[in-house]
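Here is a short briefing on the model shown below. Keep the structure open while you read.

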Amino acid sequence: MTYEFKLPDIGEGVSEGEILKWMVREGEQVNEDQPLVEVMTDKVNVQIPSPRTGTVARISVKEGEIAKVGQTIVVIEEKGGQPAPMPANPQPVPTQSAEPRQMSTIASPFSAVLAAPATRRLARELEVDIATVKGTGPQGRVTDQDVQSAAAGSRVVTKPPEDKPAEQAHRAGGPEELIPLRGLRRTIAERMLKSSLASATVTHVDEADVTELIVLREALKSSAEKRGVKLTFLPLIVKALVPSLKEFPYVNSSMDEQGGNIILKKYYNFGIATDTEQGLIVPVVKDADRKDVFSIAGEIEQLATKSRSGQLGLDDVRGSTFTITNVGSIGGLFATPIINQPEVAILGTARIEKRPVVRDGKVEVRDMMYLSLSFDHRVFDGAYAARFTTSVIETLQDTKKLLSAVL
Amino acid sequence: MRRMDADVAVIGGGPGGYVCAIRAGQLGLRTIIIEPDKLGGECLNYGCIPSKSLITVSKLVDRLKEAEKFGLKTDGVSLDYVQMQKWKSEVVSKLVSGVEALLKGNHVTIIKGSAEILTKDRIAVTTQSGREEIPTRSIVIATGTEPIQLQGLERDGQVVIGSKEALELTSAPKRLLVVGGGAIGLEFACMYQKFGSQVTVVELMAQLLPGSDPEVVRVVQKKLEARGAKVFLGSKVTSLTKSSGVAKVELETPVGPISIIADKVLVSVGRRPRTAGMNIAGLGIKTDQRGFILASQRMMTNVDGVYAIGDVSGPPLLAHKASKQGIVAAECIAGLPSAADWRAMPDAIFTDPEVASVGITEAKAAEAGVEVKRTRFQFSALGRALSTGETEGFVKVVSRAKDGLVVGVQIVGPDASNLISEVALAMEMGATVEDIALTVHPHPTLSEALMEAAESASGSPIHQMKI
């Protein structure tokens, strides 16, 4: 008897799939439940077992081709007297059907997740299993936002609905390795995606002549050493930024979407993007406008140590109003940083390099540094960003301004 | 082929089917609905709507009879049954034509005829003009239920009647025997008692309204009996003989055999799924032991593309449940991520006094092994109830002991059917008794009873002494 195996309905909304790999060849014997074919859809990869025992008579869809749900992909010739009996009228076998086969009942009021009906609907729309979402509302109630965060998180991890086939690909020695998304990586993943979705980000790039800054750092080095701190460029840049942030208050702000307001912040807490073994951490130097450069240097040093040894407290990482990320220490011209929410701007400082520049009609060798400011275009515009950056560059390049900012 | 192929063929035009078809039409699906009788189904034509019309009249009659207490003098009350029936029919036909207009307005093709399922994508429809086959992408079975017939108690439409005939009576039977003390039987028992019938109720189980909270049922039974009805629990009919327009019925009761003469015998002993022509066996559609079709949370049966909603998909047999399931089915067919995921399915019974409930009872909580608190508030202590002269009954709140989560509320009393919706919302939102207690309820209203019962549970009742 001939059995035509049609591509089953793999899951919600999947109408077609690419045949990735046939596990059997034409003419081969295949047993019921033996892996038959691997199919890739826009959502998941699934391995489909054979619903029948017999001989593979014909493979109708080749590897790399697209098959529609319901299309015959393989013909299996069943031998008479095979142990697997065949119904008189073969129906397409929904091997992987997502349809649960139980009666619809009312959820027990005891076991149910605490969430409003509209939140439950949102979870379905975003394909989030609400039972797995941790609620942050009163008494652990799952809020719309919790569902949205969970959805944002799961978009980073492609979660296959069927664990078994995926596991096989990821088994030791397999072509893929499975790294569970946990801890800091998961947090970063969620935050970064959330930020890219939340802001209308534009990156403005310029370069600063930091020759004067190097001179100043050299001049202050010994004073710093006396106080027991190592003076890097970072605390100097922090101090140099404060006057410009005061002049351009929208850069040091956040957006209150619900209330429809922009909140200008009259305090200057700097997030310092720090690379650690586990990943990116952003400790915060608070009230930089009211601290001298040496205190800031000391704090940055301390925070960096704490970051790397995993000893940061919650207070060390929250409340920043503007973030600096030094992307230059490893290499690259400049980067386009992602905004640290709920801030509206982040400054990337690149490597300091000697470059030929034109000064008064002559080529001179100066110490140059690219600055890239990523900002939320919802809050201010490109011209404002350019003026802010220009103001920062003026401070860095002008000895007087630099001194008055830093000291 | 005269008609275009359909995306959805809805079989049955009741509160499940017609709502499903409207939603499907709204979602742009090519929808047909097949109904052999009138649109609106049992609910609109032979159930909820006509019965509530008559019950309203019966209550009015009853209130007028006691009106002297309020100082209202009437020169005797008389009821024109013909006019009452005419008014009831007007209410029904107004709603039925409304349903038809909504279906047409949403581009649903209405076919008056009976349907058979041939395969999972083909149905046959028999109308006055003949039989035709219609290919369809999906099928929604919304055929509902029909009354169970008991051997020896077959309806004859004259002496032995069902709920359908009970709604058409043009006079109150002098002696009415109600076989089956469920929701339908008791509603009629209370109604005809008000119209003047001498009522007897026979129920096989040990309590009326089986499954309901016993304390609640006691209030209804007490009132029924106080007004002269006889109630036989744990009893059954052993024989029925008809002669000269009356029935002689023999009962087997816990106190021995009893013989009763009745002018009408209303049989309401439950309903069974109506699945004839649905090709259940041929398609291998799974059902439970009683023949109710099993459906998933998306209302789909085990056969791809074949859905089942409403009564035919199993109890509770409620019009509002059918409608919600119809919406879910239509949305799923349209590819939307809809699901029957409600937490609370309220239930209202229009006895006297009314009974309404949502969630679970104390007994069910005990079965589940969960520690609950149970608090009550009597309507007799409520200003509004006193001022309307309807003081029977209470509100009972069942909440989880450890955190006050509302898991069930039972109400017996005036307007219970309207009061229960607040609890349904509370349960859907996962509210606690504190949430209800802290919500301001307007004074003077019956809804204050729920607030008071919730206050008791959260430990600070104002109008109730703590025991």
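Which residue in strand 15 of chain B stands opposite B:L177? It is B:V265. The model is predicted. Chain B holds 14 helices and 22 strands. The points below start with chain B and end with one loop residue of chain A.

**Chain B overall**

- Chain B has 467 residues, and buried residues make up 49% of them.
- Take the contacts in chain B between residues at least 6 apart in sequence: 64% of these join residues at least 24 apart.

**Nonpolar cores**

- The largest nonpolar core counts 84 residues. Within this core, B:A189, B:V265, B:V406 and B:I420 touch the most other members.
- Helix 6 of chain B, residues 183-195, supplies the largest share of this core, with nine residues.
- Two domains of chain B, domain 2 (160-269) and domain 3 (347-457), each give this core at least three residues.
- Apart from this core lies another, of 57 residues. Its members include B:V10, B:L39, B:V140 and B:I309.
- As background, nonpolar side chains in soluble globular proteins tend to be buried together.

**Strand 9 and its partners in chain B**

- Strand 9 of chain B spans residues 175-179. Four of its five residues are buried, so the strand is largely enclosed by the rest of the structure.
- Strand 9 of chain B pairs with strand 10 (residues 198-202) of chain B in the parallel sense, over five bridges. In this pairing, B:V179 stands opposite B:V202.
- From strand 9 of chain B the chain crosses through helix 6 to strand 10. This β-α-β crossover is right-handed.
- Strand 9 of chain B also pairs with strand 15 (residues 264-267) of chain B, again in the parallel sense, over four bridges. B:L177 faces B:V265 here, and B:V265 is one of the residues that touch the most other members of the largest core.

**Helix 6 of chain B**

- Helix 6 of chain B has 13 residues. From first C-alpha to last, the helix reaches 19 Å, close to the 18 Å expected at 1.5 Å a residue.
- Of its 13 residues, 13 are buried, so helix 6 of chain B is largely enclosed by the rest of the structure.
- Setting aside neighbours within four places in sequence, B:A189 is in contact with B:V178, B:V199, B:V201, B:L224 and B:A229.
- B:G196 comes just after helix 6 of chain B and takes a positive phi of about 110 degrees.

**Helix 14 of chain B**

- Helix 14 of chain B covers residues 448-457. Buried residues account for 10 of its 10, so this helix too is largely enclosed by the rest of the structure.
- Its buried residues include B:E448, B:E452 and B:E455, along with B:L450 and B:M451.
- The buried residues of helix 14 pack against strand 20 (372-378), helix 11 (383-388), strand 21 (394-400), helix 12 (416-428) and helix 13 (433-438) of chain B.
- Just after helix 14 of chain B, B:G459 has a positive phi of about 95 degrees.

**A loop residue in chain A**

- A:V344 sits in the loop between strand 16 (322-326) and strand 17 (345-359) of chain A.
- Is A:V344 buried or exposed? A:V344 is buried, because 26 other C-beta atoms lie within 10 Å and 20 or more are enough.
- A:V344 and A:S254 are 90 residues apart in sequence, yet 5.7 Å apart in space, C-alpha to C-alpha.
- Beyond neighbours within four places in sequence, A:V344 is in contact with A:S253, A:S254, A:M255, A:I339, A:F375, A:D376 and A:V379.

How values were computed
Residues numbered from 1 in each chain as written. Chains lettered and ligands numbered in written order. Predicted model: local features only at pLDDT ≥ 70, side-chain atom pairs only at ≥ 80, totals over all residues. Helix = DSSP H or I, 4+ residues; strand = E, 2+ residues; numbered from the N terminus. Buried ≥ 20, exposed ≤ 12 C-beta atoms within 10 Å, placed from the backbone. Contact = placed C-beta atoms within 7 Å. Core = buried A, V, L, I, M, F, W, Y, C linked by C-beta atoms within 7 Å. Domains from an automatic or database assignment. Pairing = 2+ DSSP bridges. Right-handed = clockwise from strand over helix to strand, strands pointing away. Expected span 1.5 Å × (residues − 1).
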